[in-house]
Amino acid sequence: MQETPIKFLSELRTTAWRTAGARYNASRRLRGRDRWGTVSIAFISVFSISLTILQKVYGIEIDTPLDRFITAASIVSGLGVVVISLVEWGSTNAINAVELYKNAEALNAFQRRLGVILSVSEENIDGGMCAKLAAEYESIKSGCSVNHEPVDDRFFLASKRNSPEFVGKDGRPSMSLAAAMTHRVAGWASALSYFWVIWVLIIGIVYYGVHLSDLPGKRPPTEAQGVTNNYQQS
């Protein structure tokens with residue numbers, strides 16, 4: 001059965017709406033990842049400096065297991081700040097988020113215009129108009145140098161599973177409730193990227209450091225302190 005121009009434009013409108021929704025989600029995900037990156041870098045920097053201060057203020061005995069562990073953790077966390085900063089700087093998440101958002105806005109405006117055309121000009125819709133509008137959609141979509149990820153599209157489908165456009169002939173959503181919940185959780189978690197691993201490692205470092213805190217002694221008294229103590233005792 002040959003597809004009618006009206007049906008073609010209706011499907012094109014749904015496609016544009018779906019693409020816009022996925023790119024909105026991609027923009028939101030990248031903004032979240034950028035925020036997590038900034039917070040993680042700042043916290044790890046403070047954590048690394050705090051470890052050094054901890055060694056000096058509490059007079060942890062030199063060359064004890066706790067002293068060696070704190071020194072190693074301070075060095076590794078400092079290197080982690082450098083590595084994460086370079087990775088996040090190279091990924092340009094904030095810039096990509098803005099570009100995706102602007103493209104989603106353009107696609108959303110396009111699909112709204114298609115809705116107006118379908119509601120007031122059905123008798124004037126022909127093959128030439130369909131070809132022109134399809135080319136315009138491709139032009140808008142390719143105008144963004146950054147594409148969304150499959151997780152962004154699945155998150156959109158999960159959010160709109162009950163919409164008429166995504167409901168089967170039997171009236172049931174094409175995506176089950178369990179699958180929708182899974183995709184929504186995956187969409188929220190994707191903003192964390194690898195940062196959750198870093199936070200787990202930091203918690204592990206703190207836990208292990210607390211465990212080692214049972215072992216350290218105090219710094220041995222300096223020669224001047226020893227002379228002072230002996231003088232006071234005499």
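# Exercises on an all-helix model

Going from one end of the sequence to the other, the protein's pattern reads α-α-α-α-α-α-α-α. Keep in mind that this is a predicted model.

**Exercise 1. Work out the overall make-up: how many helices and strands are there, and what share of the residues is buried?**

Step 1: Count the elements. The protein has eight helices and zero strands.

Step 2: Check burial, using under 20% relative accessible area as the cut-off. Of the 234 residues, 33% are buried.

Step 3: Turn to the outside. The accessible surface is about 14,700 Å², and carbon and sulfur atoms own 63% of that.

Step 4: Look at how contacts spread along the sequence. Take the contacts with a separation of 6 or more: 82% of them are between residues 24 or more positions apart.

**Exercise 2. Find what links helix 5 to helix 1: which residues of Asp-153 and Arg-18 sit where, and why does the pair tie together distant parts?**

Step 1: Start with the tally, which is six salt bridges in the structure.

Step 2: Pick out one of them. Asp-153 and Arg-18 pair up through their side chains, with N to O at 2.8 Å.

Step 3: Place both ends. Asp-153 belongs to helix 5 (residues 150-159) and Arg-18 to helix 1 (residues 5-57), so this bridge ties together parts 135 residues apart in sequence.

Step 4: Ask how covered each partner is. Asp-153 has a relative accessible area of 16%, so it is buried. Arg-18, at 31%, is partly exposed.

Step 5: Now go next door in the sequence. Asp-152 makes a salt bridge with Arg-29, and their closest N and O atoms are 2.9 Å apart. Asp-152 is in helix 5 and Arg-29 in helix 1, so here the parts tied together are 123 residues apart. Both Asp-152 and Arg-29 are buried.

**Exercise 3. Take the salt bridge of Glu-136 and Arg-113: what is its N to O distance, and which helices does it link?**

Step 1: Get the distance. The two side chains meet at 2.2 Å, N to O.

Step 2: Locate the partners. Glu-136 is in helix 4 (residues 127-142) and Arg-113 is in helix 3 (residues 93-120), so the pair links distant parts of the chain, 23 residues apart.

Step 3: Classify both. Glu-136 comes out at 26% relative accessibility, which is partly exposed. Arg-113 is partly exposed too, at 35%.

**Exercise 4. Describe the surroundings of Ser-77: is it buried or exposed, and what does its side chain reach?**

Step 1: Find it. Ser-77 is part of helix 2 (residues 65-91).

Step 2: Check the cover. Its relative accessibility is 8%, so Ser-77 is buried.

Step 3: Follow the side chain, which reaches the backbone oxygen of Ala-73 at 2.8 Å.

Step 4: List the contacts, skipping neighbours within four places in sequence. That leaves Ile-44, Phe-47 and Ser-48 in contact with Ser-77.

**Exercise 5. Map a nonpolar surface patch: which residues make it, and is Val-57 buried or exposed?**

Step 1: Name the members. Ile-49, Ile-53, Leu-54, Val-57 and Tyr-58 make up the patch, which covers about 510 Å².

Step 2: Zoom in on one member. Val-57 lies in helix 1.

Step 3: Compare its value with the cut-off for exposed, over 50%. Val-57 has a relative accessible area of 59%, so it is exposed.

Technical notes: Residues numbered from 1 in each chain as written. Predicted model: local features only at pLDDT ≥ 70, side-chain atom pairs only at ≥ 80, totals over all residues. Heavy atoms only, no water. Helix = DSSP H or I, 4+ residues; strand = E, 2+ residues; numbered from the N terminus. Buried < 20%, exposed > 50% of the residue type's maximum accessible area, 1.4 Å probe, protein only. Contact = heavy atoms within 4.5 Å. Areas by Shrake-Rupley, 256 points an atom, 1.4 Å probe, with all protein chains shown as cover. Salt bridge = Lys/Arg side-chain N within 4 Å of Asp/Glu carboxyl O. Patch = residues over 30% accessible without salt bridge, like charges linked within 9 Å, V, L, I, M, F, W, Y side chains within 5 Å. Polar contact = N/O pair within 3.5 Å; in protein donor to acceptor, adjacent residues only side chain to side chain.
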